[in-house]
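Welcome! Here is a short tour for anyone meeting this structure for the first time. Take a moment to look it over, and then we can walk through it together.

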Amino acid sequence: SNIDEFIDFFNEFAIKKGINTITKDKVLSYGLSNFYAFSAMQNNRIIAVHSYLIDKQASIVMLLTSANIRFDEDQDKQIIIGKANKQLHYFEIQTFKEMGLETFDFGGFATEDQIKNNPGLKGVNAFKLSFGGNVITNYEYCSYPYLLFRFIATKIGIVKSNDSLQN
């Protein structure tokens with residue numbers, strides 16, 4: 001199925017990048033009416049995939065995952081893949097606008113401290129800003145027991161410290 005194809009592609013990327021993979025059960029738990037996936041292809045080969053969660057009542061679409069084959073290719077092909085990735089985002093934004101969704105959330109914007117530790121995040125910020133829009137600060141709250149669980153789970157390797165709770 002298309003979901004299986006998406007999961008296989010994303011998980012191959014995630015393993016190479018060292019981030020958490022995603023399961024079919026997790027995708028299905030979002031509800032298929034709330035989960036959208038898009039892909040860019042070249043020569044009948046997937047070169048990029050993106051997935052989103054949609055809240056139609058709140059009129060928000062949130063980027064959940066983004067993956068491409070840039071790790072597998074030489075520099076010239078990486079440029080083509082990068083352009084295809086950006087075009088895919090543009091197409092998705094237009095699709096979501098046509099659906100009447102008002103807020104597109106790329107998810108996260110690196111702080112100066114984060115950029116000091118990982119200079120590549122500056123480019124990610126620039127990419128997100130290249131679509132226009134505004135940076136909005138959102139606060140997430142969680143209970144102390146949950147924080148303790150996350151701390152312990154990270155220390156024993158159940159989850160990665162940068163995990164966005166995809167699993």
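How many bridges join β1 to β2, and in which direction do these strands run? There are 8 bridges between them, and the two strands run antiparallel. Please keep in mind that this is a predicted model.

## The β1–β2 hairpin

Two residue pairs help you find your way along these strands. A37 stands opposite S51 in β2, and M41 has I46 of β2 as its bridge partner.

Between β1 and β2 the hairpin has 2 residues. Look for N43 in this hairpin, where its phi is positive, near 55°.

## The whole sheet

Now step back to the full sheet. It is open, with 4 strands in the order β1-β2-β3-β4 and mixed pairing. β1 and β4 (103-105) are the edge strands: each has a single partner, so one side of each has no neighbour in the sheet. On average, neighbouring strands are turned by 25° against each other, with direction ignored.

## Helices on the sheet

Two helices are worth following here. α1 packs on the sheet and touches β1, β2 and β3. The direction of α1 makes about 65° with that of β3.

α3, in turn, lies across β1, β2, β3 and β4. Its run is at about 30° to β2.

## The nonpolar core

In soluble globular proteins, nonpolar side chains tend to be buried together. In this model, the largest nonpolar core has 31 residues. The members that touch the most others are F6, F10, V27, F35 and F96.

Which elements give two or more residues to this core? They are the helices α1 (2-17) and α3 (75-98), together with the strands β1 (35-42), β2 (45-55) and β3 (60-68).

## Two residues to visit

Start with N11, which sits in helix α1. Is N11 buried or exposed? N11 counts as buried because its relative accessibility is 15%, and the cut-off for buried is under 20%. Leaving aside residues up to four places away in sequence, N11 touches T21 and I22.

Finish at K56, in the loop between β2 and β3. With residues up to four places away in sequence not counted, K56 touches S33, Y36, M99 and L101. K77 makes a useful landmark too: K56 and K77 are 21 residues apart in sequence, and their C-alpha atoms are 37 Å apart in space.

Methods. Residues numbered from 1 in each chain as written. Predicted model: local features only at pLDDT ≥ 70, side-chain atom pairs only at ≥ 80, totals over all residues. Heavy atoms only, no water. Core = buried A, V, L, I, M, F, W, Y, C linked by side-chain atoms within 4.5 Å. Buried < 20%, exposed > 50% of the residue type's maximum accessible area, 1.4 Å probe, protein only. Pairing = 2+ DSSP bridges. Axes fitted to C-alpha atoms, helices over the stretch in contact; angles between N-to-C directions. Contact = heavy atoms within 4.5 Å.
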